[in-house]
Number of protein chains: 2
Amino acid sequence: MKTLSDRQQRILSFIRDFLEEKDYPPTIRDILKACQISSTSVVDYNLDVLEREGYIRRDAEVSRGIELQDRRRRRERLVPVPVIGRIAAGEPIPVPAPDNWSMLAAAEVVELSQELTRGQEKVYALRVKGTSLVDALIDDGDIVLMQYVTAAENGELVAVWLKAEGEVTLKRFYREPGRIRLQPANSQMQPIYAEPANVEVQGKVIAVVRQLG
Amino acid sequence: MKTLSDRQQRILSFIRDFLEEKDYPPTIRDILKACQISSTSVVDYNLDVLEREGYIRRDAEVSRGIELQDRRRRRERLVPVPVIGRIAAGEPIPVPAPDNWSMLAAAEVVELSQELTRGQEKVYALRVKGTSLVDALIDDGDIVLMQYVTAAENGELVAVWLKAEGEVTLKRFYREPGRIRLQPANSQMQPIYAEPANVEVQGKVIAVVRQLG
DNA sequence: TGCGTTATAGAACAGGCGTTCGAAACATGA
DNA sequence: TCATGTTTCGAACGCCTGTTCTATAACGCA
């Protein structure tokens with residue numbers, strides 16, 4: 001990647017500013033005026049250089065057919081995550097049905113990088129209420145990122161739906177002979193034992209986010 | 001906000017898909033072909049409706065002058081945060097100089113919503129090494145979001161630079177008569193006492209992010 | 001039935017816009 | 001100094017593109 005000329009850098013940053021303001025790319029003549037160039041062919045020439053050097057991508061014969069490469073890369077790393085409610089001991093989670101996943105209406109949406117969600121699909125978020133998870137280093141008010149799964153490995157922190165009781169809690173999951181042990185992360189609380197038929201896994205915790213004052 | 005007609009919804013989602021793929025808006029005739037409309041005036045008509053209803057914004061007499069409103073809102077809520085290194089007891093943090101903030105080259109960048117960073121400027125991130133912060137509910141491997149500040153309130157979790165020792169640690173900050181107490185979050189560790197002249201605050205923790213296996 | 005509103009359609013206009021070509025200025029290096 | 005490649009310039013071509021005008025239904029409402 002060669003070093004850009006002064007004029008090329010000005011063009012590049014103008015395109016960036018233009019996109020920031022308008023959300024669509026400038027025309028060649030927009031660039032011409034902004035960078036005080038006297039001919040469209042000069043702009044065309046320098047845009048070709050910028051494309052050859054990998055800074056932009058051009059679509060031939062298309063008005064405003066300019067795309068910033070780093071902008072595209074950044075956009076592709078982002079995932080919108082719906083925050084769909086709160087969780088606390090004894091309160092049900094309104095877990096979305098897995099079918100209408102894309103169109104769910106969440107009051108809050110957090111955009112996170114794919115590094116955080118590990119590129120997983122079916123990710124949602126819950127706000128934790130109470131200190132029942134302090135031993136899992138999860139505090140009151142934390143946001144837990146959940147992935148929708150229906151099966152869990154031993155020791156994983158999962159949201160489980162207890163059918164008979166009609167409630168959902170966040171516990172560590174252990175499959176034992178003839179029963180399932182749901183271990184609270186808080187050591188002062190007792191484990192819950194449940195029959196396998198009564199337990200429905202609704203998701204596992206894949207990340208924790210906390211904001212401090 | 002009235003309910004959109006079938007055709008208007010198709011137009012809206014086509015614009016969205018087009019932007020997703022190309023990163024610049026479609027022309028009226030692009031929409032015409034994609035939505036099987038037989039006249040440009042019909043597209044124009046429906047775009048006007050979409051603008052009146054607040055879904056898009058149009059720039060008059062400008063090719064591809066269409067902007068999705070939610071796209072703009074989303075973009076403005078995002079902030080790129082550089083992950084600039086690791087922190088552990090006895091290791092220095094490479095805190096960036098506050099002057100060349102915008103142009104720093106970080107190995108890793110996390111994009112976060114402004115809700116997370118609280119819209120603050122000068123935010124960076126550190127990866128935590130070791131369990132010295134377990135009592136602050138911060139685990140080994142967690143990412144702490146830091147805001148660059150040079151002064152701290154009592155009790156805040158801050159990164160401090162000990163000039164004489166030439167090292168940086170993450171501790172709770174307490175100003176005491178004639179000295180500063182740096183309290184480890186881990187209760188098994190002893191506090192450090194330092195002279196005020198020897199202490200330089202380099203940032204405070206504003207959020208914690210953890211990924212689980 | 002008549003009337004205003006909404007939605008669709010076709011066509012044409014005028015300026016927008018990317019492209020191309022010839023020429024010249026400029027820098028680089030043998 | 002000459003040759004070569006880079007960069008700039010002005011102008012013109014021709015398709016692209018938003019706009020506008022007129023016409024035609026479809027629909028609700030009185």
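User: Which phosphate oxygen does a polar side-chain atom of D44(B) lie 3.4 Å from, one of which DNA strand?

Analyst: One of DNA strand D. Keep in mind that this is a predicted model.

User: What about R58(B)? How far does a polar side-chain atom of it lie from a phosphate oxygen of DNA strand D?

Analyst: The distance is 3.1 Å. Chain A has a polar side-chain atom by a phosphate oxygen of strand D too: S63(A), at 3.4 Å.

User: Which elements give two or more residues to the surface near DNA strand D?

Analyst: They are α3 of chain A, plus α2 (28-34) and α3 of chain B. The largest share, five residues, comes from α3(A).

User: Back to R58(B). What joins its side chain to that of D44(B)?

Analyst: A polar contact of 3.1 Å. R58(B) itself is in strand β1, residues 56-58 of chain B.

User: Which residues does R58(B) touch, leaving out those up to four places away in sequence?

Analyst: I28(B), D44(B), L47(B), D48(B), E51(B) and G65(B).

User: And which residues come nearest to DNA strand D?

Analyst: S38(A), S39(A), S41(A), Y45(A) and R64(B), out of 22 residues around the strand. The surface residues there split into six nonpolar, ten polar and six charged.

User: Sugar and phosphate, or bases: how do the atoms of strand D within 4 Å of the protein divide?

Analyst: Sugar or phosphate takes 61% of them. The rest belong to bases.

User: OK, other strand. Which residues come nearest to DNA strand C?

Analyst: E61(A), R64(A), S38(B), S39(B) and Y45(B). They are among 22 residues around strand C. Of the strand C atoms that come within 4 Å of the protein, sugar and phosphate account for 61%.

User: What part of strand C is 2.3 Å from an N or O atom in the side chain of Y45(B)?

Analyst: A phosphate oxygen. For S38(B), the side-chain N or O atom is 2.6 Å from a sugar or linking oxygen of strand C.

User: Where is a base oxygen of strand C approached, by a polar side-chain atom of which residue?

Analyst: At T40(A), where the two atoms lie 2.9 Å apart.

User: Which element gives the most to the surface near strand C?

Analyst: α3(B), with five residues. Elements that each supply at least two residues are α2 (28-34) and α3 (40-52) of chain A, together with α3 of chain B. That surface has six nonpolar, ten polar and six charged residues.

User: New topic. At what angle do α1 and α3 of chain B pack?

Analyst: About 85 degrees, with the axes 10 Å apart. The helices cover residues 6-22 and 40-52. At that angle, α1(B) is roughly perpendicular to α3(B).

User: Which residues meet there?

Analyst: From α1(B) come R7(B), Q8(B), I11(B), L12(B) and I15(B). They meet V42(B), N46(B), L47(B), V49(B) and L50(B) of α3(B). The residues of this contact are seven nonpolar, two polar and one charged.

User: Last one, confidence. What pLDDT does chain A average?

Analyst: It averages 79, and 74% of the residues score at least 70. Among the elements of chain A, α2(A) has the highest mean, 94. Strand β4, residues 108-113, has the lowest, 62.

User: Where in chain A is the pLDDT below 50?

Analyst: Over residues 97-106. Beyond near neighbours in sequence, that stretch has eleven contacts in the model.

Conventions:
Residues are numbered from 1 along each chain as its sequence is written. Chains are lettered from A and ligands numbered from 1 in the order in which they are written. This is a predicted model: local features need pLDDT of at least 70, side-chain atom pairs count only at pLDDT 80 or more; totals for chains, interfaces and linings use all residues. Side-chain values use heavy atoms; hydrogens and water are left out. Axes are lines fitted to C-alpha atoms, for helices over the stretch in contact, and angles run from 0 to 180 degrees between N-to-C directions. Helices (H or I, at least four residues) and strands (E, at least two) are DSSP runs, numbered from the N terminus. Angles under 35 degrees count as roughly parallel, over 145 as roughly antiparallel, 65 to 115 as roughly perpendicular and the rest as oblique. Contact means heavy atoms within 4.5 Å. Ala, Val, Leu, Ile, Met, Phe, Trp, Tyr, Cys and Pro count as nonpolar, Asp, Glu, Lys and Arg as charged, and the others, Gly among them, as polar. A residue is near a molecule or strand if one of its heavy atoms lies within 4 Å of it. A polar contact is a pair of N or O atoms within 3.5 Å; within protein, one must be able to donate a hydrogen and the other to accept it, and residues adjacent in sequence count only if both atoms are side-chain atoms. pLDDT is the predictor's confidence in each residue, from 0 to 100.
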